[in-house]
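Please go through the fold, the core and the ligand shell of this model in question-and-answer form.

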Amino acid sequence: MSRALVIDSSSRYVGSVTRALTQQFISTFEESNGESNLVYRDLAKSSVPHLSAEAIEGFFSPTPSLRAKRATVLSDLLLEEFLGADLICIGVPVYNFNLPSALKAYLDQIVRIGKTFQKQGDGRLQGLCSGKDILVLYSMGGMYKDTDMDFIKPYFKAITNFIGADRVDFVAIEGTSRAGFKLEDQLGESGELIQNYLAKRGKKENTLLSMLSE
Ligand SMILES: Cc1cc2nc3c(=O)[nH]c(=O)nc-3n(C[C@H](O)[C@H](O)[C@H](O)COP(=O)(O)O)c2cc1C
């Protein structure tokens with residue numbers, strides 16, 4: 001049995017491609033793991049604030065002030081959700097070549113010293129998230145998946161590596177702003193990729209997952 005955290009970050013509801021992808025993930029995941037093993041967070045509804053000076057003090061100070069402690073309450077809650085899952089599925093619409101700021105603000109709250117990474121005796125940083133997999137479901141109006149203009153993949157690879165999660169995989173839908181784009185034409189393939197991912201992950205067939213990682 002797996003425990004998933006699903007995060008949506010599109011500001012759109014009607015016609016959102018990434019929300020359609022996360023819904024495909026949710027229904028496939030729940031078929032084998034049940035509803036109670038999935039936590040859902042919608043960053044367009046519960047917006048996460050940018051890091052404040054107090055929150056940063058709360059993260060890094062060994063003796064934080066009461067104000068600093070209060071400022072990390074939301075981060076504590078988000079971390080409880082994040083650390084409680086072994087599979088984190090994130091819907092990522094490309095905004096101005098990058099991830100939405102709501103999602104960046106979320107990541108700033110959960111990439112936190114002592115929680116998802118730590119400093120070792122020799123000063124080097126070590127990730128604390130082994131046993132977790134990340135699946136990024138992203139969409140873009142243009143056609144530049146895997147080109148130099150695709151900043152989503154390298155960014156999530158860096159974050160995955162930094163927090164020491166086991167692996168990150170990607171499913172992308174491109175060209176969503178192009179004339180003639182029809183979401184229904186894309187959902188067959190994405191649904192199959194997501195089903196394969198979950199089936200193979202369930203069987204721990206890690207080598208077979210590489211088809212999604214490339
Ligand atoms: C504010 C904004 C910025 C965008 N910037 C880009 C971009 O830089 N490159 C691109 O290919 N598409 C861009 N798009 C198009 C979206 O990536 C595309 O519509 C995607 O499907 C959005 O995901 P969603 O359908 O889940 O909302 C942008 C869309 C919006 C609303």
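The questions below concern a predicted model.

Q: In which order do the five strands of the open sheet lie?
A: The sheet is open and its pairing is parallel. Its edge strands are β2 (38-42) and β7 (167-173), each of which pairs on one side only. Neighbouring strands are turned by 15 degrees against each other on average, direction ignored. The order is β2-β1-β3-β6-β7.

Q: Which residue in β2 does Ile7 stand opposite?
A: Strand β1 covers residues 4-8 and pairs with β2 in the parallel sense. The pairing runs over five bridges. Opposite Ile7 in β2 stands Arg41.

Q: What angle does the direction of helix α7 make with that of β7?
A: Helix α6 (residues 152-163) packs on the sheet and touches β3 (87-93), β6 (133-139) and β7. The direction of α6 makes about 165 degrees with that of β6. Helix α7 (residues 183-202) also packs on the sheet, touching β6 and β7. The direction of α7 makes with that of β7 an angle of about 165 degrees.

Q: How many residues does the largest nonpolar core have?
A: In soluble globular proteins, nonpolar side chains tend to be buried together. Here, the residues with the most contacts inside the largest nonpolar core include Val92, Val136, Leu137 and Tyr138. Leaving aside neighbours within four places in sequence, the contacts of Val92 include Val136, Leu137 and Tyr138. The number of residues in this core is 43.

Q: Which helix gives the most to the shell around the ligand?
A: The ligand is surrounded by 17 residues, and the closest are Thr18, Pro93, Met140, Gly141 and Gly142. By class, the shell has six nonpolar, nine polar and two charged residues. The helix that gives the most, with three residues, spans residues 17-33 and is α1.

Q: Is Phe97 buried or exposed?
A: Phe97 lies in the loop between β3 and α5 (101-110). Its phi is near 70 degrees, a positive value in a residue other than glycine. A residue counts as exposed if 12 or fewer other C-beta atoms lie within 10 Å of its own. Because Phe97 has 12 other C-beta atoms within 10 Å, Phe97 is exposed.

Q: Near what value is the phi of Asp146?
A: Most residues other than glycine have a negative phi. Asp146 is found in the loop between β6 and α6, and it is exposed, with 11 other C-beta atoms within 10 Å. The phi of Asp146 is positive, near 70 degrees.

How values were computed. Residues numbered from 1 in each chain as written. Predicted model: local features only at pLDDT ≥ 70, side-chain atom pairs only at ≥ 80, totals over all residues. Core = buried A, V, L, I, M, F, W, Y, C linked by C-beta atoms within 7 Å. Buried ≥ 20, exposed ≤ 12 C-beta atoms within 10 Å, placed from the backbone. Contact = placed C-beta atoms within 7 Å. Near = placed C-beta within 6 Å. Helix = DSSP H or I, 4+ residues; strand = E, 2+ residues; numbered from the N terminus. Nonpolar A, V, L, I, M, F, W, Y, C, P; charged D, E, K, R; others polar. Pairing = 2+ DSSP bridges. Axes fitted to C-alpha atoms, helices over the stretch in contact; angles between N-to-C directions.
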